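Colleague: Before I use any of these labels, I want to hear the reasoning behind them. Can we go through them one at a time?

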Amino acid sequence: MFFDDVTVGQIFETKAVTVSKTDILNFANGFDPNLFHLDTAVARCHGFPDVIAAGMHTLSLSMKLFFDLNLWDDAVLPSPGIDNVRWLRPVLPDTCLFVKAKVSEVLPSRSKPDRGIIKVHQETLEQSTGAVLLSLDAMHRLKRRPASTHPASKKEDAA
């Protein structure tokens, strides 16, 4: 998909993935060694039944799931950012989660006509309950469809 193929209100849903305790420990050891991510006893002292995934682990996994949809592989450019990141519930070992994303805005660039920004409200949900674990507003910078591959130009070429 290119910028021109995306419309406000479009919804995308990813496959589900289960986060294991090993996944949580590996990420925490590498990137966020707070003890409630590494030690069940410490996590219990903080009111959790077991270790919890680091917020950045949940965010990274959510973005990977979204990009695994391969929606705009040929059109994606570096993102200008993510807004309103909220961790609403902890991710515990053996949580099965997926991402649901809805396009909220489609903004053509005023200065660079070959691209635009797609704003997407993204939620990461627990599969069994539907509870929202993480929410964010992502901005994706996408190339516009080249004229030679635009559906309207193909019709004109055929005429």
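Modeller: What follows takes the labels in turn, from strands to salt bridges. Keep in mind that this is a predicted model.

Colleague: What makes β4 and β5 a pair of strands?

Modeller: The rule asks for at least two bridges. Strand β4 (residues 95-108) and strand β5 (residues 115-126) share 11 bridges, in the antiparallel sense. They therefore count as paired. F98 faces L125 of β5 across the pairing. The two strands form a hairpin, with 6 residues between them.

Colleague: How do you know that β5 also pairs with β6?

Modeller: By the bridge count again: 11 bridges join β5 to β6 (residues 132-143), and the two run antiparallel. At least two are needed, so the pairing holds. Here L125 stands opposite V132 in β6. This hairpin has 5 residues between its strands, and G130 takes a positive phi near 80°.

Colleague: On to the helix. How does the span of α4 compare with the expected one?

Modeller: Helix α4 (residues 55-67) has 13 residues. From first C-alpha to last it reaches 18 Å, close to the 18 Å expected at 1.5 Å a residue. Several of its residues are buried, including H57, L61, S62, L65 and F66.

Colleague: Why is S62 called buried?

Modeller: Its relative accessibility is 0%. Buried means under 20%, so S62 qualifies. S62 lies in α4. Beyond its neighbours within four places in sequence, S62 is in contact with V99, Q122, T124 and L134.

Colleague: Which residues have the most contacts inside the largest nonpolar core?

Modeller: They are V6, F66, W72, V103, I118 and L142, in a core of 13 residues. The elements giving two or more residues to this core are β4 and β5. Take V6 as a case. Not counting residues up to four places away in sequence, V6 touches M1, W72, V103, V106, I118 and L142. Another core, of 10 residues, lies apart from the one with V6; among its members are V19, L61, V91 and V99.

Colleague: Now the rings. How many aromatic pairs are there?

Modeller: The count comes to 4 aromatic pairs.

Colleague: Why is the pair of F66 and F67 called edge-to-face?

Modeller: The ring centres are 5.6 Å apart, and the planes stand at 85°. A pair needs centres within 6.5 Å, and edge-to-face needs planes over 60 degrees apart. Both conditions are met, so the label is edge-to-face.

Colleague: What makes F66 buried but F67 partly exposed?

Modeller: F66 has a relative accessible area of 1%, so it falls under the 20% limit and is buried. F67 has 34%, which puts it between 20% and 50%, so it is partly exposed.

Colleague: Why is the pair of F66 and W72 called tilted?

Modeller: The planes are at 55°, with 5.8 Å centre to centre. Stacked needs under 30 degrees and edge-to-face over 60, so this angle leaves tilted. F66 and W72 are both buried. Ring pairs link F12, F66, F67 and W72 into a cluster.

Colleague: How do you know that R144 and D4 form a salt bridge?

Modeller: Their side chains meet at 2.7 Å, N to O. The limit is 4 Å, so the pair counts. R144 sits in the loop between β6 and α5 (151-158), and D4 in the segment before β1 (11-13), 140 residues apart. The structure holds 6 salt bridges.

Colleague: Why does R144 count as partly exposed?

Modeller: R144 has 30% relative accessibility, between the 20% and 50% limits, so the label follows. D4, with 27%, is partly exposed as well.

Colleague: What makes D5 and R145 a salt bridge?

Modeller: The closest N and O atoms are 2.5 Å apart. That is within 4 Å, so the bridge counts. D5 lies in the segment before β1 and R145 in the loop between β6 and α5, 140 residues apart.

Colleague: And why is K21 with D50 said to tie parts together?

Modeller: K21 lies in helix α1 (residues 21-31) and D50 in the loop between α3 (40-45) and α4, so the bridge joins parts 29 residues apart in sequence. The closest N and O atoms are 3.1 Å apart. K21 is partly exposed at 31%, whereas D50 counts as buried at 17%.

Note on methods: Residues are numbered from 1 along each chain as its sequence is written. This is a predicted model: local features need pLDDT of at least 70, side-chain atom pairs count only at pLDDT 80 or more; totals for chains, interfaces and linings use all residues. Side-chain values use heavy atoms; hydrogens and water are left out. Helices (H or I, at least four residues) and strands (E, at least two) are DSSP runs, numbered from the N terminus. The expected span of a helix is 1.5 Å times one less than its number of residues. Buried means under 20% relative accessible area, exposed over 50%, partly exposed in between (1.4 Å probe, protein chains only). Contact means heavy atoms within 4.5 Å. A nonpolar core is a set of buried Ala, Val, Leu, Ile, Met, Phe, Trp, Tyr and Cys residues joined through side-chain atoms within 4.5 Å. Rings of Phe, Tyr and Trp (its six-membered ring) pair if their centres lie within 6.5 Å; planes under 30 degrees apart count as stacked, over 60 as edge-to-face and the rest as tilted.
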